[in-house]
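This report describes how the strands and helices of one protein model are arranged. Please keep the sequence and the structure in view while reading.

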Amino acid sequence: MADILELHMPNEGPVVVQRAPSLTRLVIAAPPANVLSLAVMDALLAGLAEAAADKTNRVVVIAGEGKVFSAGHDLKELTGHRSDPDGGRAFFAATMQKCAELMQAIVRHPNPVIAEVNGLATAAGCQLVASCDLAIASEEAQFCTPGVNIGLFCSTPMVALSRNLSPKHAMEMLLTGETIDARSARDFGLVNRVVPPEYLGTVVGKYATTIASKSAATVKTGKEAFYRQAEMGLTDAYTYTAGVMVENMLAKDAEEGIGAFLEKRKPEWTHE
């Protein structure tokens, strides 16, 4: 799996897609702020869909080009539609719906999605980080949900934040709009690890390599169950996950993995 880090086949556009065996890397390339315009969100959705359709893909990484991960929605694009006959309502609704579609596509993706956060992640950019399954941040990364400062509360980012952070930490970010550093983001539960900037790609690559070495069918089952049970009450969650484990036990890779463990050998996954 060492060649997972040997990325190739870049393409032009607001999102650069880089592929390696078992890995798809989506790099937001919309300088200077890597805003989540409709074009960028469509490109991210297309990249995610392509990775999901690729049966050899195991991990998706989302990164930002330059010193900004993403500054969130394109406020100039949104403001430009205030002159529409409806005052921009239809365009605003389309933008927020597209954003919700993107965040749910990450959560529902069959592969784990890792945010590689190199710099500032603000508003919907912070929401993007919170929506990913894992997030690795550079020591130079910063995070905020500053909508309250401009009269636009970060209500949709709140959905992802409230599912990652404690209520007090989420409300602190949402109500103050203040920027927090990478270590505070780790303490809040927004990111998994904070590393020196020169090691960011290496650490993300190691996470991707480790995950890609597992049974893809098992990882897919576990990720789906994790998010579904989180939306249930305690009794329903245990009933649901018990059923998931029964089906998982009947899968080929569970039979192989348990057999390999008992026989003290390395499993040979079929990803079934």
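Two strands are said to pair if DSSP finds at least two bridges between them. Helices (H or I, at least four residues) and strands (E, at least two) are DSSP runs, numbered from the N terminus. Strand 3 and strand 5 meet this condition, since 4 bridges join them, and they run parallel. In general, the strands of a sheet pair through backbone hydrogen bonds, either parallel or antiparallel.

The model is a predicted one, in which local features need pLDDT of at least 70 and side-chain atom pairs count only at pLDDT 80 or more, whereas totals for chains, interfaces and linings use all residues. Residues are numbered from 1 along each chain as its sequence is written, and side-chain values use heavy atoms, with hydrogens and water left out.

**The sheet of six strands**

An open sheet is formed by 6 strands in the order 1-2-3-5-7-10, with mixed pairing. Its edge strands, each pairing on one side only, are strand 1 (15-20) and strand 10 (193-195). On average, neighbouring strands of this sheet are turned by 20 degrees against each other, direction ignored. Angles run from 0 to 180 degrees between N-to-C directions, and axes are lines fitted to C-alpha atoms, for helices over the stretch in contact.

The table lists parallel strand pairs from the model, each with a pair of bridge partners or opposite residues.

| Strands | Bridges | Residue pair |
|---|---|---|
| strand 2 (residues 23-28) and strand 3 (residues 59-64) | 6 bridges | Leu 23 and Val 59 |
| strand 3 and strand 5 | 4 bridges | Ala 63 and Glu 116 |
| strand 5 and strand 7 (residues 134-138) | 4 bridges | Ile 114 and Leu 134 |
| strand 6 (residues 120-122) and strand 8 (residues 142-144) | 3 bridges | Thr 122 and Cys 144 |

Is strand 5 enclosed or open to its surroundings? Because 5 of the 5 residues of strand 5 (residues 113-117) are buried (under 20% relative accessible area; exposed is over 50% and partly exposed lies in between, with a 1.4 Å probe and protein chains only), the strand is largely enclosed by the rest of the structure. Val 113, Ala 115 and Val 117 point one way from strand 5, while Ile 114 and Glu 116 point the other way.

After strand 2, the loop leading to helix 1 (38-53) contains Ala 30. Ala 30 is buried, with a relative accessible area of 17%. Contact means heavy atoms within 4.5 Å. Not counting residues up to four places away in sequence, Ala 30 touches Pro 14, Val 35 and Val 40. Ala 30 and Val 40 are 10 residues apart in sequence and 7.7 Å apart in space, C-alpha to C-alpha.

**The sheet of four strands and its helix**

A further open sheet has 4 strands in the order 4-6-8-9, again with mixed pairing. Strand 4 (68-70) and strand 9 (180-181) are the edge strands, each pairing on one side only. Helix 4 (residues 124-131) lies across strand 4, strand 6 and strand 8 and runs at about 100 degrees to strand 6.

The axes of helix 4 and helix 5 (residues 155-162) come within 8 Å and cross at roughly 25 degrees. Helix 4 and helix 5 are therefore roughly parallel to each other; angles under 35 degrees count as roughly parallel, over 145 as roughly antiparallel, 65 to 115 as roughly perpendicular and the rest as oblique. In their contact, Ala 124, Cys 126, Gln 127, Ala 130 and Ser 131 of helix 4 meet Thr 156, Pro 157, Ala 160 and Leu 161 of helix 5.
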